[in-house]
Amino acid sequence: MWLSYDTSFIEAFDQNVSNLLYGLDFITLFHYLGETKVIFCISFILLIFIWIRVGDLQLTLFVLLTVGFGYGLYQFLKHLIERPRPEIADQLSTYSFPSGHAVHGMLYLLTIAYVLSKVVASKKASRIVWSICIILFILIGTSRITEGRHYASDVLAGWMLGYSWFMICVWWYEHGHRKKIKNKTH
């Protein structure tokens with residue numbers, strides 16, 4: 001996406017999606033769930049929950065990696081790429097690519113779902129949590145297009161980055177967790 005966001009194909013894609021979604025006010029409200037203050041506050045509550053309920057240091061590090069390092073990762077890329085935002089009145093002055101709401105919204109919601117699926121015994125409850133989190137991160141990312149704050153390609157790239165980083169962190173956690181279990185059995 002980074003190498004092709006200024007091609008005619010992506011520009012047409014961005015315009016078509018913007019025409020379809022711009023101004024859908026009911027979706028716009030979801031951007032609040034993707035605000036950095038909200039994400040860090042909820043992540044802090046999640047860390048306290050892990051500390052009190054689970055006591056798993058590696059799971060705590062997992063949250064810090066996904067949410068904390070994920071924040072730094074997309075900020076680094078925004079400043080490296082420096083794509084301007086769409087031109088609208090009262091536009092934000094920060095860079096556009098990738099969408100931080102899309103990256104960070106996905107990361108913290110998938111992290112919540114992952115952590116809760118580790119501590120909740122009910123598969124049905126776990127599926128419900130995963131479904132809610134997926135719907136919410138889609139609405140958070142989409143809200144950035146409906147507001148005109150981002151191009152659709154910014155949001156798509158944000159989701160791609162967020163999912164990739166999340167899966168790397170899951171691999172790290174699962175690999176380390178298996179090692180820990182294997183060492184306990186020997």
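**Figure 1. Close-up of the salt bridge between arginine 144 and glutamate 147.** Arginine 144 and glutamate 147 form a salt bridge in which the closest N and O atoms are 2.8 Å apart, a value that, like every other in these legends, is computed from a predicted model. Arginine 144 has a relative accessibility of 4% and counts as buried, and glutamate 147, at 16%, counts as buried too, because the limit for that class is set at under 20% relative accessible area. Arginine 144 is also among the residues in contact with histidine 101, once the neighbours of histidine 101 within four places in sequence are left aside.

**Figure 2. Close-up of the surroundings of histidine 101 in helix H5.** Histidine 101 counts as buried, with a relative accessibility of 11%. Apart from its neighbours within four places in sequence, histidine 101 is in contact with His31, Gly34, Glu35, Met106, Ile140 and Arg144. Of these residues, Arg144 also takes part in the salt bridge with glutamate 147.

**Figure 3. Close-up of the salt bridge between glutamate 174 and lysine 118.** The structure holds two salt bridges, and in this one the side chains of glutamate 174 and lysine 118 meet at 2.8 Å, N to O. Because glutamate 174 lies in helix H7 and lysine 118 in helix H5, the pair ties together parts that are 56 residues apart in sequence. Lysine 118 is partly exposed, its relative accessible area being 40%, whereas arginine 144 of the salt bridge with glutamate 147 is buried. Side chains of opposite charge can pair in this manner when their charged atoms come close.

**Figure 4. Close-up of the ring cluster made by Phe62, Tyr114, Phe166 and Tyr173.** The structure holds nine aromatic pairs. One of them joins phenylalanine 62 and phenylalanine 166 in an edge-to-face arrangement, with 6.0 Å from centre to centre and 70° between the planes. This pair links distant parts of the chain, since phenylalanine 62 belongs to helix H4 and phenylalanine 166 to helix H7, 104 residues apart. Phenylalanine 62 counts as buried at 0% relative accessibility, as does phenylalanine 166 at 3%. The rings of phenylalanine 62 and tyrosine 173 have centres 5.7 Å apart and planes at 55°, so that this second pair is tilted. The pair of phenylalanine 62 in helix H4 with tyrosine 173 in helix H7 likewise links distant parts of the chain, here 111 residues apart, and both of its members are buried.

**Figure 5. Close-up of the largest nonpolar core and of phenylalanine 166 within it.** The core has 39 residues, of which Phe62, Val63, Tyr108, Leu109 and Phe166 touch the most other members. At least two residues of the core come from each of the helices H1 (8–21), H3, H4 (57–81), H5 (100–119), H6 (123–146) and H7 (152–185), and H5 gives the most, with 11 residues. Phenylalanine 166, leaving aside its neighbours within four places in sequence, is in contact with Phe62, Thr66, Leu107, Leu110, Thr111, Tyr114 and Trp130. In soluble globular proteins, nonpolar side chains tend to be buried together.

**Figure 6. Close-up of helix H3, with buried leucine 47 and a nonpolar surface patch.** Leucine 47, placed in helix H3, is buried with a relative accessible area of 18%. Not counting residues up to four places away in sequence, leucine 47 touches Thr60, Val63 and Leu64; its C-alpha atom is 9.9 Å from that of phenylalanine 62, which is 15 residues away in sequence. Phenylalanine 44, also placed in helix H3, counts as exposed at 51% relative accessibility. The C-alpha atoms of phenylalanine 44 and leucine 64, 20 residues apart along the chain, are separated by 9.4 Å. Isoleucine 52 is found in helix H3 (residues 36–54) as well and is exposed, with a relative accessible area of 64%. Phe44, Ile48, Trp51 and Ile52 together make a nonpolar surface patch of about 510 Å².

How values were computed: Residues are numbered from 1 along each chain as its sequence is written. This is a predicted model: local features need pLDDT of at least 70, side-chain atom pairs count only at pLDDT 80 or more; totals for chains, interfaces and linings use all residues. Side-chain values use heavy atoms; hydrogens and water are left out. Patches are made of residues with over 30% relative accessible area and no salt bridge: like charges are joined within 9 Å, nonpolar side chains (Val, Leu, Ile, Met, Phe, Trp, Tyr) within 5 Å. Accessible areas come from the Shrake-Rupley method with a 1.4 Å probe; for residues, only the protein chains shown count as cover. A salt bridge is a side-chain nitrogen of Lys or Arg within 4 Å of a carboxyl oxygen of Asp or Glu. Helices (H or I, at least four residues) and strands (E, at least two) are DSSP runs, numbered from the N terminus. Buried means under 20% relative accessible area, exposed over 50%, partly exposed in between (1.4 Å probe, protein chains only). A nonpolar core is a set of buried Ala, Val, Leu, Ile, Met, Phe, Trp, Tyr and Cys residues joined through side-chain atoms within 4.5 Å. Contact means heavy atoms within 4.5 Å. Rings of Phe, Tyr and Trp (its six-membered ring) pair if their centres lie within 6.5 Å; planes under 30 degrees apart count as stacked, over 60 as edge-to-face and the rest as tilted.
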